[in-house]
Amino acid sequence: MHALTSDAVRRSVIAVPPLARNADLSLNLEQNQRIVSHIEAGGVSILLYGGNAILYHAAPSEYSQLLELLSEVASSQSIVIPSVGPAYGTMMDQARMLKDCDFETAMILPQKEISTSSGIVRAVSDFCQEFQRPAVLYIKHENYIDVEHVGRLMEDGLLSAIKYAIVREHPGQDDYLRHLIDEVGSELMVSGLGEQPAIVHMRDFGLPGFTSGCVCIRPDLSTQMLRAVHAGDNVAAEAIRH
């Protein structure tokens with residue numbers, strides 16, 4: 001598997017695909033391959049399986065099979081990122097399965113309740129120590145983790161990327177995001193809310209790319225929007241977004 005880098009994120013939208021299952025809820029390799037082939041044909045080479053794949057509710061007993069499926073669905077040129085958690089015990093068991101696979105990173109699903117900022121730091125640290133690779137930190141909720149704690153994780157080399165997905169009425173007015181960028185920079189951070197706030201996040205905050213569910217339907221358009229923003233053509237980017 002290829003590494004998730006800022007350059008890779010600049011080249012490709014990060015697709016967050018659904019996970020195809022059979023009527024009995026078993027995993028469907030063929031249909032997942034069809035979804036991924038369609039996404040890749042539109043110029044997308046990063047696939048992140050998380051919330052849209054409903055991995056919050058994946059059975060621990062099927063996780064090894066899930067990892068095997070994800071290792072087979074994409075081309076050798078694509079980056080595939082599975083998710084773990086959100087419960088601490090679950091993600092630690094998943095880390096032991098993941099470390100024998102070729103995935104360069106995994107995203108830790110956010111645990112909103114029954115957690116503290118210092119607890120998140122401990123959980124990420126423990127997971128990465130067991131996994132032996134860095135993780136994607138998913139910041140989805142206000143007060144989920146203190147900026148200084150994110151800085152500590154980044155300084156310790158435990159983060160491959162940050163998926164930033166706190167919903168704001170006005171995306172350009174986000175003091176927490178600005179504080180976060182001041183602490184850790186923007187190169188390893190991606191906009192995690194689809195096309196709607198992505199232009200503002202990239203243009204005004206310097207984030208290199210964004211995640212998208214819509215890209216699973218029209219990967220070509222999402223790819224065109226990414227390229228338009230990087231080219232400074234905000235008129236074209238807004239036209240595509242609408």
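Is lysine 140 buried, partly exposed or exposed? I began my notes with this residue, keeping in mind that the model is predicted.

**Entry 1: lysine 140**

I looked up the accessibility and found that lysine 140 has a relative value of 32%, so I have entered this residue as partly exposed, given that buried would need a value under 20% and exposed one over 50%. I located lysine 140 in the loop that runs between strand S6 (135–139) and helix H6 (147–155). Setting aside the neighbours within four places in sequence, I listed Tyr56, Pro110, Ala165 and Ile166 as the residues in contact with lysine 140. I also took one long-range distance, from lysine 140 to isoleucine 240: the two are 100 residues apart in sequence, and their C-alpha atoms are 25 Å apart in space.

**Entry 2: helices H4 and H5**

Next I turned to helix H4 (residues 88–98) and helix H5 (residues 117–131), whose axes come within 8 Å of each other and cross at roughly 20 degrees. Because that angle is under the 35 degrees that bounds the class, I have written H4 down as roughly parallel to H5. The crossing of H4 past H5 is right-handed. On the H4 side I noted Tyr88, Met91, Met92, Ala95, Arg96 and Leu98, and these meet Ala123, Val124, Asp126, Phe127, Glu130 and Phe131 on the H5 side. Sorted by class, the contact of H4 with H5 holds 9 nonpolar and 3 charged residues, with no polar ones.

**Entry 3: aromatic pairs**

I then searched the whole structure for aromatic pairs and obtained 2. In one of them, phenylalanine 127 and phenylalanine 131 have ring centres 5.3 Å apart and planes at 40 degrees, so I recorded the pair as tilted. Both phenylalanine 127 and phenylalanine 131 belong to helix H5, where they are 4 residues apart, about one turn of the helix. Phenylalanine 127 is buried, with a relative accessible area of 0%, and phenylalanine 131, at 0% relative accessibility, is likewise counted as buried.

Tyrosine 164 and tyrosine 176 also form an aromatic pair, which I entered as stacked, with 6.2 Å from centre to centre and 20 degrees between the planes. This pair links distant parts of the chain, since tyrosine 164 sits in strand S7 (residues 159–164) and tyrosine 176 in helix H7 (residues 175–184), 12 residues apart. For burial, I noted that tyrosine 164 is at 0% relative accessibility and counts as buried, and that tyrosine 176, with a relative accessible area of 15%, is buried because the cut-off is under 20%.

Notes:
Residues are numbered from 1 along each chain as its sequence is written. This is a predicted model: local features need pLDDT of at least 70, side-chain atom pairs count only at pLDDT 80 or more; totals for chains, interfaces and linings use all residues. Side-chain values use heavy atoms; hydrogens and water are left out. Axes are lines fitted to C-alpha atoms, for helices over the stretch in contact, and angles run from 0 to 180 degrees between N-to-C directions. Helices (H or I, at least four residues) and strands (E, at least two) are DSSP runs, numbered from the N terminus. Angles under 35 degrees count as roughly parallel, over 145 as roughly antiparallel, 65 to 115 as roughly perpendicular and the rest as oblique. A crossing is left-handed if the near helix is turned anticlockwise from the far one by less than a right angle, and right-handed if clockwise. Contact means heavy atoms within 4.5 Å. Ala, Val, Leu, Ile, Met, Phe, Trp, Tyr, Cys and Pro count as nonpolar, Asp, Glu, Lys and Arg as charged, and the others, Gly among them, as polar. Buried means under 20% relative accessible area, exposed over 50%, partly exposed in between (1.4 Å probe, protein chains only). Rings of Phe, Tyr and Trp (its six-membered ring) pair if their centres lie within 6.5 Å; planes under 30 degrees apart count as stacked, over 60 as edge-to-face and the rest as tilted.
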